[in-house]
Amino acid sequence: MTAITFIHPNGRSDRVETGNGESAMQAATRHGLDGILAECGGNAMCATCHVYVDDGWLARLPPMGDEEDALLDGTACDRLPSSRLSCQIRMTPDLNGLVLRLPERQV
């Protein structure tokens with residue numbers, strides 16, 4: 001099992017356990033986490049699973065694809081250099097302890 005810490009805009013954090021291969025979005029929705037809407041169900045079509053990857057983890061993620069890059073231009077909160085779609089972050093043992101910050105709103 002791997003773990004992800006989601007940090008809410010108010011500073012509260014939730015640590016969730018996830019399996020290898022599961023997306024960060026799937027882990028968040030499975031645990032009923034507020035702040036990840038995932039309206040498209042993880043199909044990279046809506047950007048309602050936007051997160052900010054903590055700086056220490058960003059370089060460990062695989063590069064984003066063109067679809068993810070385009071969707072991030074339409075997020076409800078500012079796109080930052082650390083912005084990613086959590087549906088596109090697949091968990092591996094190397095990502096155990098990943099820290100993701102939730103934006104103020106998704107829509």
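Reading along the sequence, we find the elements in the order β-β-α-β-α-α-β-β, which gives three helices and five strands in the chain, and I should say at once that this is a predicted model.

Let me turn to the overall dimensions. For a chain of 107 residues, the rule for a compact globule would put the radius of gyration near 13 Å, and the chain has 12 Å, so the two agree. Along the principal axes, the C-alpha atoms occupy a box of roughly 30 × 30 × 25 Å. If we take the contacts between residues at least 6 apart in sequence, 63% of them join residues that are at least 24 apart.

Next, the surface and the charges. Buried residues account for 47% of the 107 residues, while the accessible surface amounts to about 5500 Å², with 46% of that area belonging to carbon and sulfur atoms. The chain carries 9 positive and 15 negative charges, and the mean positions of these two groups are 5 Å apart.

I would like to finish with one residue, Glu-68, which sits in helix H3, spanning residues 66-72. Is this glutamate, Glu-68, buried or exposed? Its relative accessibility is 4%, and because buried means under 20%, Glu-68 counts as buried. What does Glu-68 touch, once residues up to four places away in sequence are set aside? The residues in question are Arg-84, Leu-85 and Gln-88. For Leu-85 we can be specific about the atoms, since a polar atom of the Glu-68 side chain lies 2.9 Å from the backbone nitrogen of Leu-85.

Methods: Residues numbered from 1 in each chain as written. Predicted model: local features only at pLDDT ≥ 70, side-chain atom pairs only at ≥ 80, totals over all residues. Heavy atoms only, no water. Helix = DSSP H or I, 4+ residues; strand = E, 2+ residues; numbered from the N terminus. Rg over C-alpha atoms; globule rule 2.2 N^0.38 Å. Buried < 20%, exposed > 50% of the residue type's maximum accessible area, 1.4 Å probe, protein only. Contact = heavy atoms within 4.5 Å. Areas by Shrake-Rupley, 256 points an atom, 1.4 Å probe, with all protein chains shown as cover. Lys, Arg positive; Asp, Glu negative; His and termini not counted. Charge placed at Lys NZ, Arg CZ, Asp CG, Glu CD. Polar contact = N/O pair within 3.5 Å; in protein donor to acceptor, adjacent residues only side chain to side chain.
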